[in-house]
Amino acid sequence: MIIQGGNRLSGEVTIGGAKNSTVALIPAAILADTPVQFDTVPDILDVHNLMIILKSMNVKSEFSHGVLDIDPTQIIEAELPSKAIKSLRASYYFMGALLGRFHRATLTFPGGDNIGPRPIDQHLKAFKALGATVSENNGTVHLEAKDGLHGARIFMDMVSVGATINAILAAVRAEGTTVIENAAREPEIIDLATFLNNMGAKIRGVGTDTIRITGVNTLQSMNTHTIIADRIETGTYLALAAALGDGVMIHNVIPEHLESFTSKMIEMGVNLQIDSDKIYVPKTTKLKAVHVKTMPFPGFATDLQQPLTPLMSLADGDSVIVDTIYPKRVKHVPELQKMGMRIETHDGTIVIKHTDHLHGANVTAGEIRAGAALTIAGLMANGTTVINNAGNILRGYDRIVWKLNRLHANVAIEDDSSVKIS
Ligand SMILES: CC(=O)N[C@H]1[C@@H](OP(=O)(O)OP(=O)(O)OC[C@H]2O[C@@H](n3ccc(=O)[nH]c3=O)[C@H](O)[C@@H]2O)O[C@H](CO)[C@@H](O)[C@@H]1O
Ligand SMILES: C=C(OP(=O)(O)O)C(=O)O
């Protein structure tokens, strides 16, 4: 990604469907006995890679103008393409979905963002509780429930989005009732349950820490499922607009999903004008330093700590971030230093000091949200910034180059081949 920095931004931007919903909904589609349709689907690399995985199972999918059609009615068991599986984290949702559909699944370990250790022990614990045996060999996981899946009580040792979703996917067609305790409460889990319940599933309690699922024999889609707005993309544009906007209106927002973030921006001195489904960010000149601690929802999202960093560098005083979910999520720090930002890490604490000027540099997006922070910093900086590994940004930001340029930024992607799907 090549950014000519220094332009002030203004205008309007519309947020796409949530990446973290979409990447669960697509694997969930294989549990249906009918074709399914999603709309407001973000145009991101993760979606294209999930479509490659579907194709390997003879599941046809078509994606056009934000509408994704998936026909799982001719699904077959097949070896899944390990390159696509490794390209994203959420490919692990095929473990729960295939177990639910065929009572067995074989997958290589998932990829996704390199943000420190990301074990899947809670996912495997849930599958075992439901009656599956789990064996691992050379980076491949084999799951099998020879006597079918049976409802069970699952207590999650820690709050995990992925393990909660995987347990739902495996339990939704299991025999009997499953209770997930200490479940994650992220809005994307509610979106997934809405999709499944509209097809006849019986999932109750999503959005609380106890979820009850009574298994059903069939899931049939009757209507199009509209994916919720991406709260992380929203937060990224909010931070960007406050840092270098002369007035930016952000549409398709669910403000209730972002309260921990918007309240932090207001604490910083950004006079956000929050409406029912849009937020206006006025030009902001004076910012206060703040402290942020990431937490499971409804706490401050780990995925938004890095996008807030460039705005923090404009504040008077030292801002502090502690990421309790991923303490090693600091890939952006040395890259931002190359651009002149006064940012340091000490024992899991990130300190951002007031920085007068950023300058363009050659940097690398180690992961998606590090890439978002570098993009904002590049737009604020004098001169040209080149972000290598921009594929990490395109994994999860819907049509980002087009959206930024419509706000009067000067951004381009070069060497598109490096981010093409194979
Ligand atoms: C595709 C998707 O939705 N990705 C999101 C999801 O990732 P993901 O679902 O992978 O993250 P989790 O909620 O599972 O992780 C939360 C914490 O639990 C730990 N853990 C998790 C599972 C497990 O079996 N064992 C274990 O120890 C993790 O290392 C982490 O410290 O939630 C993260 C935390 O909000 C977000 O950053 C990601 O954007
Ligand atoms: C960590 C993230 O994604 P994933 O879990 O898909 O790697 C993210 O979206 O910030």
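**Two open sheets and a helix pair**

In this predicted model, strands 2, 14, 16 and 15 form an open four-stranded sheet in the order 2-14-16-15, and the pairing is mixed. Its edge strands are strand 2 (9-14) and strand 15 (273-274), each of which pairs on one side only. Strand 15 runs antiparallel to strand 16 (residues 278-281), and two bridges join them. In this pair, Gln 273 stands opposite Tyr 280 of strand 16. Helix 8 (residues 231-244) packs on the sheet and touches strand 2, strand 14 (245-251) and strand 16. The direction of helix 8 makes about 165 degrees with that of strand 14.

Another open sheet of four strands, also with mixed pairing, has the order 4-5-3-13. Strand 4 (60-64) and strand 13 (225-226) are at its edges with a single partner strand each, so one side of each lacks a neighbour in the sheet. The partner of strand 13 is strand 3 (residues 36-39); the two run parallel and are joined by two bridges. Here Phe 38 stands opposite His 225 in strand 13.

The remaining topic is a pair of helices. Helix 5 (residues 121-129) packs with helix 6 (residues 161-171) at an angle of about 20 degrees, and their axes are 8 Å apart. Because angles under 35 degrees count as roughly parallel, helix 5 is roughly parallel to helix 6. The crossing of the two is right-handed. Helix 5 contributes Gln 122, His 123, Ala 126 and Phe 127 to the contact, where they meet Gly 162, Ala 163, Asn 166, Ala 167 and Ala 170 of helix 6. By class, this contact has five nonpolar and four polar residues, with no charged ones.

Notes: Residues numbered from 1 in each chain as written. Chains lettered and ligands numbered in written order. Predicted model: local features only at pLDDT ≥ 70, side-chain atom pairs only at ≥ 80, totals over all residues. Heavy atoms only, no water. Pairing = 2+ DSSP bridges. Contact = heavy atoms within 4.5 Å. Axes fitted to C-alpha atoms, helices over the stretch in contact; angles between N-to-C directions. Parallel < 35°, antiparallel > 145°, perpendicular 65-115°, else oblique. Left-handed = near helix turned anticlockwise from the far one by under 90°. Nonpolar A, V, L, I, M, F, W, Y, C, P; charged D, E, K, R; others polar.
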